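This report describes a protein chain for a reader who has not met it before. The text moves from the overall fold to the interior, and then to the loops and the surface.

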Amino acid sequence: MTVTDAVSAPDAEGRPRRTTRRFPLFTRDTARPEGGGRAAPKDAPAPARQWPILAVLSAVALGLLLTALDVFRVGTILIGAALLAGAVMRWILPSVGMLAVRSRFTDMLTYGVLGTAIILLALMAQPKPWLEIPFLDDTLHFTVR
């Protein structure tokens with residue numbers, strides 16, 4: 001018996017069966033995440049299958065190392081750029097392995113907002129900021145100074 005409509009799912013033995021849209025009273029298995037497929041063929045070694053998350057984590061590690069070596073601004077910009085690269089990979093690649101945590105939209109939004117915020121904060125860090133936003137300076141003048 002093969003069920004191919006939109007509300008079919010495999011049972012424990014892998015046979016498709018018709019399901020309802022209601023949540024079950026007891027959870028019997030877990031759903032595969034949207035991007036949970038491999039980023040490389042099955043016969044490739046594990047690091048090669050997970051290259052997107054390894055690329056992002058490597059860039060973040062390098063950024064943290066630069067920050068620890070007192071190259072603060074460049075290190076934090078690299079961390080933000082790594083998160084933005086993760087957002088772009090999540091958008092473009094059909095399968096990103098463990099880089100997919102939530103839905104595609106939520107992952108892209110989270111990586112993008114955090115990456116942008118980290119880069120902007122790194123550019124505005126004192127002393128000698130590389131980016132000055134006048135209305136923020138006026139806001140600080142009335143609240144903190």
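In this chain, 46% of the contacts with a separation of 6 or more are between residues 24 or more positions apart. The model is predicted. The chain contains five helices and two strands, and from the N terminus on the order of its elements is β-β-α-α-α-α-α. Of its 145 residues, 26% count as buried. The accessible surface comes to about 10700 Å², and carbon and sulfur atoms hold 67% of that area.

**Interior**

The helix α3 runs over residues 72–92. With 21 residues, α3 reaches 30 Å from its first C-alpha to its last, which is close to the 30 Å expected at 1.5 Å a residue. The buried residues of α3 include the glycines Gly 75, Gly 80 and Gly 86. Arg 73 and Arg 90 are also among the buried residues of this helix, as are Thr 76, Ile 79, Ala 82, Leu 83, Ala 87 and Met 89. Among the parts of the chain that cover them are α2 and α4.

In general, an α-helix has 3.6 residues a turn, so residues three or four places apart point the same way. The buried positions of α3 include Ile 79, Ala 82, Leu 83 and Gly 86.

Which residues make up the largest nonpolar core? That core has twelve residues: Ile 53, Val 56, Val 60, Ile 79, Ala 82, Leu 83, Ala 87, Met 89, Val 96, Leu 99, Ala 100 and Tyr 111. Two or more of these residues come from each of α2 and α3. The largest share, five residues, is given by α3. As a general tendency, nonpolar side chains in soluble globular proteins are buried together.

A polar residue is buried as well. Gln 50 lies in the loop between α1 (46–49) and α2. Gln 50 counts as buried because its relative accessible area is 18%, and the cut-off for buried is under 20%. Leaving aside neighbours within four places in sequence, Gln 50 is in contact with Val 96, Gly 97 and Met 98. Val 96 is also one of the twelve core residues.

**Loops and surface**

The loop between α2 (51–68) and α3 holds Asp 70. The loop between α4 (104–124) and α5 (134–143) holds Trp 130, and Lys 128 is found there too. Pro 127 has its place in that loop as well, and the peptide bond leading to Pro 127 from Gln 126 is cis, with omega near -5°.

Two residues other than glycine have a positive phi: for Asp 70 the angle is near 70°, and for Lys 128 it is about 55°. Their accessibility, with that of Trp 130, is listed below.

| Residue | Relative accessible area | State |
|---|---|---|
| Asp 70 | 69% | exposed |
| Lys 128 | 70% | exposed |
| Trp 130 | 56% | exposed |

Where on the surface does Trp 130 belong to a nonpolar patch, and with which residues? Trp 130 joins Leu 62, Leu 65, Leu 69, Val 71 and Val 74 in a nonpolar surface patch of about 590 Å². Trp 130 comes from the loop between α4 and α5. Asp 70, from the loop between α2 and α3, is not part of the list of patch residues, which includes Leu 69 and Val 71.

Technical notes. Residues numbered from 1 in each chain as written. Predicted model: local features only at pLDDT ≥ 70, side-chain atom pairs only at ≥ 80, totals over all residues. Heavy atoms only, no water. Patch = residues over 30% accessible without salt bridge, like charges linked within 9 Å, V, L, I, M, F, W, Y side chains within 5 Å. Areas by Shrake-Rupley, 256 points an atom, 1.4 Å probe, with all protein chains shown as cover. Salt bridge = Lys/Arg side-chain N within 4 Å of Asp/Glu carboxyl O. Helix = DSSP H or I, 4+ residues; strand = E, 2+ residues; numbered from the N terminus. Buried < 20%, exposed > 50% of the residue type's maximum accessible area, 1.4 Å probe, protein only. Contact = heavy atoms within 4.5 Å. Expected span 1.5 Å × (residues − 1). Core = buried A, V, L, I, M, F, W, Y, C linked by side-chain atoms within 4.5 Å.
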